[in-house]
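Biologist: Before I rely on the descriptive words used for this model, I would like to see how each of them is justified. Could we take them one at a time?

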Amino acid sequence: MELDPLLLSRIQFAFVVSFHAIFPVFTIGLASYIAVIYGLAFKTNDPKWERLGAFWTQVFAVVFGMGVVSGIVMSFQFGTNWSNFSLATANFLGPVLSYEVVTAFFLEAAFLGVLLFGRGKVPNGVHFFAALMVSIGTFISSFWILSANSWMQTPGGVEVHDGIYHVVSWADAIFNDSFWYRFAHMALASFLTGGFVVAGVSAWFLIQKRDTELHRKALSMTLWLLLFLTPLQVFIGDLHGLNTLKHQPTKVAAMEGNWETQKGAPLLLFAIPDQEQQMNHFEVGIPKLASYILTHDWDGEIPGVKEKPPELQPNVPIVFWSFRIMVAMGLLMVLVAVIGLFLRRKRAYMNSRWYLQTLRLMTLSPFIAVLAGWFVTEVGRAPYLIYGEMTHAEGVTPSLTGGMALFTLIGYFLVYACVFAAGAYYLTRVIRGGTEGTEQHEDDKHRPKRPLSAAEASFD
Amino acid sequence: MSEPIFDLTYIWAGIIAFGVIMYVLMDGFDLGQGILFMFAPSEHDRDIMMNSVAPVWDGNETWLVLGGAGLLAAFPLVYTIFLPALYIGVFLLLAGLIFRGVAFEFRFKAHTSKYLWNWSFAIGSTVASFAQGAVVGAYIQGFETENMRYVGGALDWLTPFTVLTGLGLVAGYALLGATWLIMKSEGETQAWAYRLVKPLLASVLIIFGIISVWTPFVDPFVAERWFTGFTPIWLLPILGLACAYWIFNAVNKKREGTPFVATMGLFIFTYLGLLASKWPYVVPPSYTLADAASAHESQLFLLLGLLFVIPIVLVYTAWTYWVFRGKVKADQGYH
């Protein structure tokens with residue numbers, strides 16, 4: 001069998017980035033939540049907020065640590081597997097990605113240590129400030145990463161000389177045409193991820209009847225937040241979709257499973273897209289709805305995948321189904337948040353076992369939605385690395401062989417499997433430890449100022 | 001595009017060169033703990049070894065990531081030729097660093113599974129060190145390129161020469177680790193570290209010596225640089241040897257801090273000697289610093305941020321070392 005280095009590199013990148021993405025998407029949301037908790041602690045001087053903050057800070061520490069470890073590989077993959085792409089785009093992506101690294105260091109150097117280890121040693125106000133700066137820092141980091149990604153989707157502010165991109169306007173390149181949509185969509189996704197994890201864990205504590213007063217408050221706050229954010233995300237997602245329609249019509253066509261350009265296109269609820277025959281099997285749809293959503297006109301024209309020749313089409317089944325999974329998760333989140341509102345009366349939500357169990361299960365939903373969403377946008381722009389300008393095949397490392405790519409794909413898979421197993425196992429121990437055990441420890445001066453060291457639980 | 005008023009390429013070369021030696025010296029001694037880890041006489045010694053670097057190792061590794069990202073921004077050609085050429089080696093390096101990083105985090109929290117993390121730490125550190133040494137060897141060897149692309153094979157980097165440079169760096173890091181441990185420990189642990197220094201120093205000198213003699217044969221450019229008349233760069237190996245003697249002497253006199261300082265000196269002069277051999281080639285044998293540089297506006301854009309952040313990172317680093325100065329005890333902290 002001939003091993004295709006291009007396909008293997010794509011699989012490896014997808015695997016590493018998917019694995020990595022679940023950590024930051026959670027830590028970004030959680031950092032903001034922790035900042036809110038320490039803000040409340042600062043304002044009210046109530047020790048219960050300190051306790052809650054300390055618990056979630058431990059969780060944050062473990063997840064942040066895993067994110068850092070899994071992220072190291074990312075910064076080298078651009079060179080190992082996509083060297084032609086890196087060489088062409090280094091003038092823009094080099095500084096942008098470096099700024100991300102620099103931001104992360106600055107954050108770690110200046111504020112993370114205070115957040116993780118400063119409790120009781122610095123005034124509450126300072127501690128709150130550190131938490132706030134960490135949460136802002138996580139956003140700045142994602143700002144740079146999303147700018148880089150958006151630029152690859154909608155390149156701007158550059159000129160090409162001899163195959164090398166040169167930046168002519170940093171503002172146009174950084175704030176490119178799809179940037180703000182992607183950033184807003186992703187920022188909300190992070191809040192939703194943090195929100196549903198906090199809700200799920202709080203629900204679990206309520207089921208276990210541990211520290212119920214505190215976790216009821218946490219759950220109540222979170223449900224209010226989700227009530228506003230889940231519909232807002234649907235709205236932002238819609239805007240992002242319209243932006244995509246403008247710049248990457250073929251991606252939208254694949255999301256809709258729409259092969260032929262047509263007026264009054266149906267919204268497909270189910271279909272089995274067939275790339276080879278360039279058509280769908282077993283279509284079930286709502287007439288004209290896709291046209292209405294995308295053009296706000298029941299007879300609006302929707303582009304078809306077949307506008308592009310087969311070699312310039314993305315994999316329609318993957319995009320089509322990833323999109324449906326993302327939307328389904330999103331609507332489910334809205335539903336759960338709204339049910340929470342109806343259960344407000346007499347605090348029914350905290351005694352309703354089925355609702356608490358649902359919230360527990362919903363902990364997974366934002367992660368599934370985020371990964372599915374990234375599959376839509378990344379697979380949907382295929383075969384382009386830089387949309388309309390450079391394909392995956394042009395960007396891949398020319399000296400790379402299938403054997404080499406397979407070796408590292410399996411290698412990274414094994415490494416990450418070990419790290420993830422250990423990390424997930426340890427995280428469950430930290431969560432089981434609960435909020436009761438987070439009273440201050442007096443060891444410390446010589447403990448390492450490292451994220452995971454902030455967690456107290458024993459490994460085995 | 002207008003001609004820049006001032007060429008930032010050499011400022012960037014200075015920043016990257018500084019970053020590399022910072023990384024080698026700082027991550028070197030904590031990788032060294034990992035290399036020596038399973039040879040330590042007792043679990044107690046291992047606790048001390050790990051505690052001696054636990055507060056700082058992560059900060060040390062940030063220099064590597066900064067170097068990687070900085071290379072892409074300032075010298076993209078280095079990034080896009082080294083990484084494909086060293087594909088398998090980079091994987092080993094990263095896998096090694098990940099396993100030892102995770103071991104740092106979990107060993108302190110483990111009881112029955114401690115031995116797993118011990119091995120994870122030791123093997124990860126040794127593999128990562130060897131891979132770094134092989135990278136240095138591959139750099140000396142040079143890369144087969146065509147039209148700014150690497151065109152060689154997957155294992156071109158793995159030759160008897162690079163295996164030797166790999167072993168050389170493992171021995172070198174072990175020496176840095178041992179002298180660091182002398183400074184940070186007492187009693188039995190310190191006595192063990194003292195015993196390690198002379199055999200390690202001897203191995204380092206022998207391996208570095210063979211590499212130095214071998215290098216001119218690997219790369220005629222280096223031969224020409226060193227053997228065309230008398231050049232001041234001969235001072236560098238002489239100063240390096242002086243440092244070696246200084247280590248020897250300091251260990252005999254049971255000095256505690258001097259062996260580490262002298263070992264850093266040995267590394268610095270070796271490093272400068274390497275730079276002097278290759279200057280101005282960053283992707284030998286074809287491309288110089290100027291060939292590999294990114295566009296002026298890109299170098300400038302990132303430099304503005306770095307000028308702000310590097311001093312802060314340096315102050316923070318210095319502060320961390322200050323807080324954790326002095327001798328380490330096994331039972332401090334981490335339980």
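Biologist: What makes you say that His247(A) touches Thr154(A), Asp177(A) and Ser178(A)?
Modeller: Two residues are in contact if their C-beta atoms, placed from the backbone, lie within 7 Å, and His247(A) touches these three when residues up to four places away in sequence are not counted. The C-alpha atoms of His247(A) and Asp177(A) are separated by 8.3 Å, although the two residues are 70 residues apart along the chain. This is a predicted model, in which local features need pLDDT of at least 70 and side-chain atom pairs count only at pLDDT 80 or more, while totals for chains, interfaces and linings use all residues. Residues are numbered from 1 along each chain as its sequence is written, and chains are lettered from A and ligands numbered from 1 in the order in which they are written.

Biologist: Why is His247(A) called partly exposed?
Modeller: A residue is buried if 20 or more other C-beta atoms lie within 10 Å of its own, exposed if 12 or fewer, and partly exposed in between; His247(A) has 17, and is therefore partly exposed. His247(A) lies in helix H7 (residues 212-247) of chain A, where a helix is a DSSP run of H or I of at least four residues, a strand is a run of E of at least two, and both are numbered from the N terminus.

Biologist: Why are H5(B) and H6(B) called roughly antiparallel?
Modeller: Their axes, which are lines fitted to C-alpha atoms over the stretch in contact, with angles from 0 to 180 degrees between N-to-C directions, cross at roughly 150° and come within 7 Å. Angles under 35 degrees count as roughly parallel, over 145 as roughly antiparallel, 65 to 115 as roughly perpendicular and the rest as oblique, so H5(B) is roughly antiparallel to H6(B).

Biologist: What makes up the contact of H5(B) with H6(B)?
Modeller: Its residues divide into 15 nonpolar, seven polar and three charged, where Ala, Val, Leu, Ile, Met, Phe, Trp, Tyr, Cys and Pro count as nonpolar, Asp, Glu, Lys and Arg as charged, and the others, Gly among them, as polar.

Biologist: How many residues does each chain bring to the contact between chain A and chain B?
Modeller: On the side of chain A there are 53 residues, in contact with 58 residues of chain B. H3(A) gives the most to that side of chain A, with 16 residues, and the residues of the side divide into 30 nonpolar, 17 polar and six charged.
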